[in-house]
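Student: I've got a model open on my screen and I'd like to learn how to read it. Can you walk me through it feature by feature?

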Amino acid sequence: MISRRHETEFVNAGYFTEEVRRQLASRYGNEKLYTGGLSVRTTLNPRLQSIADRVIKEGLRAYDRRHGYRGPFFNVSEHIRLNEPISWSRVLFKNRRPKGLEEWLLAIVINTDGKFAYISVEDGQAGRIPLVELTWARKAMKNQKRGPKIKHPAEVLSSGDVIAVSRLRLPDDKNPINDDLYGLRQIPAINGAIVALDPHTGRVLAMTGGYSTETSHFNRAIQAFRQPGSAFKPFVYLAALDEG
């Protein structure tokens with residue numbers, strides 16, 4: 001009789017595991033860490049870690065969108081103007097894939113009309129970005145100001161722009177609205193962190209130290225200095241609670 005083993009579960013928790021690695025290295029040394037056959041148990045809760053990763057990305061992306069669009073990664077309009085029989089994948093990967101792209105796809109803008117921007121996606125699909133998905137992309141300006149409202153796709157995108165996109169989906173987040181409809185995306189220029197812990201035991205259940213470990217391994221949850229104003233809040237709040 002053959003007993004089928006359970007599939008190994010992998011949890012993506014880059015900032016958490018890197019902090020565990022740093023503490024083990026400082027305590028036991030790199031040789032013991034990498035060749036000593038250590039067995040390590042942590043307090044990580046996979047479900048909470050998945051939630052933490054999702055909400056920090058959603059929050060940073062939403063904040064970044066409210067401050068406008070900073071433009072494409074680069075432009076390859078000369079290839080489109082000459083109608084060269086090029087491979088889109090060769091152009092897209094001429095430069096290294098942008099760090100922090102995560103689940104999004106790269107695409108090249110082919111042309112625009114009054115309703116859509118037409119794109120060629122890195123997975124070989126042709127797609128469209130509707131105007132409603134471009135209205136957020138007002139030009140990002142100094143002092144957190146934005147340019148005028150978007151009324152035409154050409155005000156945001158130009159032929160040859162290499163951009164980040166994701167397929168539009170229904171609210172259940174499972175089914176695409178239409179196979180060829182995409183939304184314009186932008187890697188956030190800001191960052192943040194989130195920590196979930198058990199207040200009774202001090203166990204860290206989830207920790208995300210930034211938008212993506214691809215863009216930076218700096219863990220803002222534990223390596224960043226606290227702002228003086230934030231450090232003073234507990235005293236103010238505790239005094240208020242004492243007074244009812």
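Tutor: Sure. Start with the inventory: this is a predicted model, and its chain has six helices and eight strands.

Student: In what pattern do the helices and strands follow each other along the sequence?

Tutor: Reading along the sequence, you get α-α-α-β-α-α-β-β-β-β-β-β-β-α.

Student: What about the chain as a whole? How much of it is buried?

Tutor: Of the 244 residues, 33% are buried. The exposed surface comes to about 16500 Å², and carbon and sulfur atoms supply 52% of that. Then look at contacts with a separation of 6 or more: 61% of them are between residues 24 or more positions apart.

Student: Let's go inside. Which residues have the most contacts within the largest nonpolar core?

Tutor: The general idea is that in soluble globular proteins, nonpolar side chains tend to be buried together. Here, the largest nonpolar core has 17 residues, and Tyr69, Ile119, Ile129, Val156, Leu157, Ile163 and Leu184 have the most contacts inside it. At least two residues of this core come from each of β2 (105-112), β3 (116-121), β5 (161-167) and β6 (182-185). The largest share, three residues, belongs to β3.

Student: Can you pick one core residue and show me what it touches?

Tutor: Try isoleucine 163. Skip its neighbours within four places in sequence, and its contacts are Tyr69, Pro72, Phe73, Leu105, Leu106, Ala107, Val109, Ile119, Ile129, Leu157 and Leu184. There's also another core, lying apart from the largest one, with 11 residues that include Leu101, Val162, Ala164 and Tyr211.

Student: Now pockets. Which residues line the second largest pocket?

Tutor: When you read a pocket, ask about space, lining and chemistry. The second largest pocket holds about 290 Å³ of space. Its lining is made of Phe16, Glu19, Val20, Gln23, Leu24, Arg27, Val40, Arg41, Thr42, Thr43, Val204 and Met207. By class, that's six nonpolar, three polar and three charged residues.

Student: Which element gives the most to that lining?

Tutor: That's α1, with six residues. Both α1 (14-28) and β8 (204-208) supply at least two residues each.

Student: I see a glutamate at 133. Is it buried or exposed?

Tutor: Check the relative accessible area against the cut-off: buried means under 20%. Glutamate 133 is at 18%, so it counts as buried. You'll find it in the loop between β4 (126-130) and β5. Beyond its sequence neighbours within four places, glutamate 133 is in contact with Leu168, Tyr182, Gly183, Leu184 and Arg185.

Student: And what about glycine 192, buried or exposed?

Tutor: Same test. Glycine 192 has a relative accessible area of 17%, so it is buried. Its place is in the loop between β6 and β7 (194-197). Leaving out residues within four places in sequence, glycine 192 contacts Ile56, Leu60, Thr208, Gly209, Gly210, Tyr211 and Arg220. Take that arginine 220: it is 28 residues away along the chain, yet the two C-alpha atoms are separated by 6.7 Å.

Student: Where else can I see two residues far along the chain brought together like that?

Tutor: Look at threonine 112, in strand β2. Its C-alpha atom is 6.3 Å from that of proline 153, and the two are 41 residues apart along the chain. Not counting residues up to four places away, threonine 112 touches Ala117, Tyr118, His152, Pro153, Ala154 and Leu157. With a relative accessible area of 27%, threonine 112 is partly exposed.

Student: Last one: backbone angles. Which sign of phi should I expect?

Tutor: Most residues other than glycine have a negative phi. Asparagine 143 goes against that, with a positive phi of about 60° although it is not a glycine. Glutamine 144 also has a positive phi of about 60°.

Student: Where do asparagine 143 and glutamine 144 sit?

Tutor: Asparagine 143 lies in the loop between β4 and β5, and glutamine 144 has its place in that loop too. For exposure the cut-off is over 50%. Asparagine 143 has a relative accessible area of 70%, so it is exposed. Glutamine 144, at 61%, counts as exposed as well.

Note on methods. Residues numbered from 1 in each chain as written. Predicted model: local features only at pLDDT ≥ 70, side-chain atom pairs only at ≥ 80, totals over all residues. Heavy atoms only, no water. Core = buried A, V, L, I, M, F, W, Y, C linked by side-chain atoms within 4.5 Å. Buried < 20%, exposed > 50% of the residue type's maximum accessible area, 1.4 Å probe, protein only. Helix = DSSP H or I, 4+ residues; strand = E, 2+ residues; numbered from the N terminus. Contact = heavy atoms within 4.5 Å. 1 Å grid on protein atoms, 1.4 Å probe; cavity = no way out; pocket = protein on both sides within 12 Å on 5 of 7 lines; lining within 4 Å. Points joined across faces, edges and corners; volume = space filled by probe spheres on them. Nonpolar A, V, L, I, M, F, W, Y, C, P; charged D, E, K, R; others polar. Areas by Shrake-Rupley, 256 points an atom, 1.4 Å probe, with all protein chains shown as cover.
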